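Colleague: I would like to go through some of the labels attached to this model. Please give the value and the cut-off behind each one.

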Amino acid sequence: MNSILGLAGLAPTIAAAKCGMRIAIANKESLVAAGDIVKDEVKKGGAELIPVDSEHSAIFQCLQGMNKKEELKSIILTASGGPFFGKTRADLQNVTLKEALNHPNWSMGAKITVDSATMMNKGLELIEAVWLFDIAPDKVDIVV
């Protein structure tokens with residue numbers, strides 16, 4: 001199980017892949033920063049990546065019934081919109097850090113909360129989905 005925060009999770013992911021392990025992964029940074037390297041080591045080592053973090057885990061579970069990878073046409077990642085849901089472009093011009101840290105649903109720590117509020121986290125999740133599910137970026141939609 002790799003849920004090490006940040007890029008510090010990359011080395012253990014690669015080491016586990018080289019050993020041919022089944023890797024329960026909740027460390028998106030490994031795939032965002034080095035998805036090609038991770039996937040290459042997974043393939044060479046005969047390892048398996050199993051996403052355990054929220055949406056990616058749900059997508060993984062849904063895909064278990066597929067006969068062929070080619071059947072996957074698209075993936076939809078959902079987003080709550082966080083503290084800025086329903087705001088206009090004008091409303092967003094002068095938001096504060098305090099407002100960004102006021103997530104209505106989760107307490108995740110400052111960096112992840114700001115990433116979530118600015119939708120940066122969804123961009124990272126899109127990259128993560130591309131590597132986990134071998135799908136082109138234009139086949140991943142983000143819906144608020």
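Modeller: Keep in mind that this is a predicted model. The chain comes to 6 helices and 4 strands, in the order α-β-α-β-α-β-α-α-α-β from the N terminus.

Colleague: What makes Glu48 and Arg22 a salt bridge?

Modeller: The closest N and O atoms of the two side chains are 2.9 Å apart. The cut-off is 4 Å between a side-chain nitrogen of Lys or Arg and a carboxyl oxygen of Asp or Glu, so the pair qualifies. Glu48 sits in strand β2 and Arg22 in strand β1, 26 residues apart, and the pair links distant parts of the chain.

Colleague: Why is Glu48 called partly exposed, and Arg22 exposed?

Modeller: Glu48 has a relative accessible area of 32%. Partly exposed covers the range between under 20% and over 50%, so that value falls in the middle class. Arg22 is at 62%, and over 50% is called exposed. Besides Arg22, the contacts of Glu48 beyond four places in sequence include Met21, Ile23 and Val42.

Colleague: How do you know that Glu41 and Lys44 form a salt bridge, and where do they lie?

Modeller: Their closest N and O atoms are 3.5 Å apart, which is within the 4 Å limit. Both are in helix α2, residues 28–45, and because they are 3 residues apart there, about one helical turn separates them. Asp40 joins Glu41 and Lys44 in a network of salt bridges.

Colleague: Is Glu41 buried or exposed, and what about Lys44?

Modeller: Glu41 has a relative accessible area of 13%; under 20% is the criterion, so the label is buried. Lys44, at 59%, counts as exposed.

Colleague: What ties helix α6 to helix α3?

Modeller: A salt bridge between Lys122 and Glu55, with an N to O distance of 2.7 Å. Lys122 lies in helix α6 and Glu55 in helix α3, so the pair ties together parts that are 67 residues apart in sequence. Both residues are buried. A search of the whole structure finds 7 salt bridges.

Colleague: Why does Glu128 have no salt bridge?

Modeller: The nearest side chain of opposite charge is Lys28, 4.7 Å away. A salt bridge needs a nitrogen and an oxygen within 4 Å, so this pair does not count. Glu128 is buried all the same. The residue is part of helix α6, residues 120–133, and touches Lys28, Leu31, Val32 and His56, leaving out residues up to four places away in sequence.

Colleague: What makes Met119 and Asp134 worth listing for their backbone?

Modeller: Each has a positive phi although neither is a glycine: about 70 degrees for Met119 and about 50 degrees for Asp134. Met119 is in the loop between α5 and α6, and Asp134 in the loop between α6 and β4. Met119 has a relative accessible area of 27% and Asp134 is at 43%. Both values lie between the 20% and 50% limits, so both residues are called partly exposed.

Colleague: How many disulfides are there, and how exposed are Cys19 and Cys62?

Modeller: The count is 0 disulfides. The test asks for two cysteine sulfur atoms within 2.5 Å. Cys19 is at 59% relative accessibility and Cys62 at 64%; both values are over 50%, so both are exposed.

Colleague: How much of the chain is called buried?

Modeller: Of the 144 residues, 38%. The accessible surface comes to about 8,800 Å², with 57% of that belonging to carbon and sulfur atoms.

How values were computed. Residues numbered from 1 in each chain as written. Predicted model: local features only at pLDDT ≥ 70, side-chain atom pairs only at ≥ 80, totals over all residues. Heavy atoms only, no water. Helix = DSSP H or I, 4+ residues; strand = E, 2+ residues; numbered from the N terminus. Buried < 20%, exposed > 50% of the residue type's maximum accessible area, 1.4 Å probe, protein only. Lys, Arg positive; Asp, Glu negative; His and termini not counted. Contact = heavy atoms within 4.5 Å. Areas by Shrake-Rupley, 256 points an atom, 1.4 Å probe, with all protein chains shown as cover.
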